[in-house]
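Let's take a walk through a protein together. Have a look at the picture first, turn it around a little, and then read on.

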Amino acid sequence: MLKKSILLATLAFAAISLNAQTVSFEEYNPPSSLVVPEHPTTRAKFPFIDVHSHQWRMGEKDLDKLAAEMDALNMGLMVNLSGGSGKAIADAMKNIRENQPKRFLVFANLNFSNLDDAWGERAAAQLERDYEQGARGLKIFKNLGLSVEDAQGNRVAVDDQRLDPVWAKCGELGIPVLIHTADPKQFWEPFDAENERWLELKTHPRRKREDNDPAPWETMIQEQHNVFKKHPNTTFIAAHMGWYANDLAKLGTLLDEMPNMMVEIGAVIAELGRQPKFANQFFQKYQDRVLFGKDAYNPDEYFTYFRVLETEDEYFPYYKKYHAFWRMYGLGLPDEILKKLYYKNALRIIPDIDASIFPK
């Protein structure tokens with residue numbers, strides 16, 4: 001009886017010990033023991049233009065408070081992509097002109113309701129009115145291609161010809177189109193241990209898609225590129241580096257094929273930070289084609305962008321493990337490339353920015 005009790009106690013202890021040694025992927029996040037030089041960077045080296053920000057109800061925003069936060073980051077100008085249309089544009093521009101006329105620009109958005117054969121002409125006319133009120137670009141959200149339907153209930157492809165008048169109008173007005181198409185390719189791949197976005201899909205299961213939900217990833221990305229090629233006189237900015245930040249060689253090929261295509265780095269800095277050598281080569285070659293963007297506005301998160309772009313720090317973490325479980329390295333970009341990324345490229349393609357607040 002005693003031997004049996006000892007055996008049961010031993011097995012119970014072994015089970016407890018084994019359980020103590022088993023942690024989930026989500027739980028495993030040890031602090032690094034690596035001791036290397038660190039240069040946390042809370043302020044950009046040069047004033048920068050964030051071409052990818054979202055500020056809702058901008059007509060009611062306290063722009064002085066927002067500008068003070070921007071000053072701390074050395075953000076010279078913020079482009080609000082969530083400008084809306086009509087009265088929303090008018091209200092935003094009134095607030096900007098009366099309070100912070102040099103610090104903000106607004107991009108208009110489209111209303112895809114009642115999309116029929118005459119929709120393009122109506123939308124282009126509204127866009128021109130928004131331009132006259134002060135909008136200086138057009139933002140296309142990812143709902144185009146994913147969830148927008150026409151009056152008959154059919155999926156509206158990104159390259160649907162009914163949208164052509166809008167793209168042409170942007171070229172005529174000389175304003176860029178910042179377009180977000182689809183999501184990371186891994187969202188369409190099997191949800192298993194070989195998917196780099198496994199943790200994100202586990203914590204955000206609604207992001208998982210199949211090839212018929214609503215179409216294959218490759219199909220939607222090709223639709224976007226079809227638009228770029230069909231409208232060479234319009235400048236397009238592919239949001240999130242066109243979802244090719246993890247394949248810069250392919251992205252370079254696309255930039256070579258489409259001279260009117262630009263990209264911005266919002267929400268993909270972790271991809272650049274894990275390939276510092278190749279990313280540096282990419283920026284050397286395509287230094288005139290990349291813009292600074294952040295996407296979700298959170299001042300503390302800009303620090304990671306500055307550190308990746310400006311320093312040569314090694315093996316530091318990203319701020320969201322479910323986006324990037326790996327560590328990153330600084331690119332240490334030279335000043336001239338930083339200036340182009342931070343503001344010169346944006347000054348070249350977005351009209352009516354007050355350049356006086358940026359270095360020559």
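Is Gly134 buried or exposed? Gly134 is buried, because its relative accessible area is 6%, and buried here means under 20% relative accessible area, while exposed means over 50% and partly exposed is in between (1.4 Å probe, protein chains only). You'll find Gly134 in the loop between α4 (119-133) and β4 (138-140). Leaving aside its neighbours within four places in sequence, Gly134 is in contact with Met93, Arg97 and Val106, where contact means heavy atoms within 4.5 Å. Try finding Ala267 as well: Gly134 and Ala267 are 133 residues apart in sequence, and their C-alpha atoms are 27 Å apart in space.

A quick word on what you are looking at. This is a predicted model, in which local features need pLDDT of at least 70 and side-chain atom pairs count only at pLDDT 80 or more, whereas totals for chains, interfaces and linings use all residues. Residues are numbered from 1 along each chain as its sequence is written, and side-chain values use heavy atoms, with hydrogens and water left out.

Now step back to the whole chain. The protein chain has 13 helices and ten strands; helices (H or I, at least four residues) and strands (E, at least two) are DSSP runs, numbered from the N terminus. Its C-alpha atoms fill a box of roughly 90 × 50 × 40 Å, taken along the principal axes. Of the 360 residues in the protein chain, 51% count as buried. If you take the contacts between residues at least 6 apart in sequence, 76% of them join residues at least 24 apart.

Next, the sheets. Strands of a sheet pair through backbone hydrogen bonds, either parallel or antiparallel. In this protein, five strands form an open sheet in the order β4-β5-β6-β7-β8, with parallel pairing; two strands pair if DSSP finds at least two bridges between them. β4 and β8 (290-291) stand at the edges with a single partner strand each, so one side of each is left without a neighbour in the sheet.

Let's follow some of those pairings. β4 and strand β5 (residues 177-179) pair in the parallel sense over three bridges, and the bridge partner of Leu138 in β5 is Val177. Three bridges also join β6 to β7, which run parallel, and there Ala238 stands opposite Val263 in β7. Strand β7 (residues 261-264) has a neat pattern: Met261 and Val263 point one way, Met262 and Glu264 point the other way, and all are buried.

Helices come into this picture too. Helix α6 (residues 164-173) lies across β4, β5 and β6 (236-238), running at about 145° to β4; axes are lines fitted to C-alpha atoms, for helices over the stretch in contact, and angles run from 0 to 180 degrees between N-to-C directions. In helix α8 (residues 217-230) you can find Gln224. Gln224 is buried, because its relative accessible area is 2%. Leaving aside neighbours within four places in sequence, Gln224 is in contact with Val158, Ile179, Thr181 and Ala238. Helix α12 (302-310) is mostly covered, as eight of its nine residues are buried. Among them are Tyr302, Phe306 and Leu309.

There is a second sheet to visit. Three strands form an open sheet in the order β1-β2-β3, and the pairing is parallel. Here β1 (48-53) and β3 stand at the edges, each with a single partner strand, so one side of each is left without a neighbour in the sheet. Neighbouring strands of this sheet are turned by 20° against each other on average, direction ignored. Strand β2 (residues 75-80) and β3 run parallel and are joined by three bridges, with Asn80 standing opposite Val106 in β3. You met Val106 earlier, in contact with Gly134.

Finally, look at some backbone details in the loops. A cis peptide bond joins Asp213 and Pro214, with omega at about -5°, and Pro214 is in the loop between α7 (198-203) and α8. Asn114, in the loop between β3 (104-106) and α4, has phi near 55°, a positive value in a residue other than glycine. Is Asn114 buried or exposed? Asn114 is exposed, because its relative accessible area is 62%. Asp295 also has a positive phi, of about 80°, although it is not a glycine, and Asp295 is in the loop between β8 and α12.
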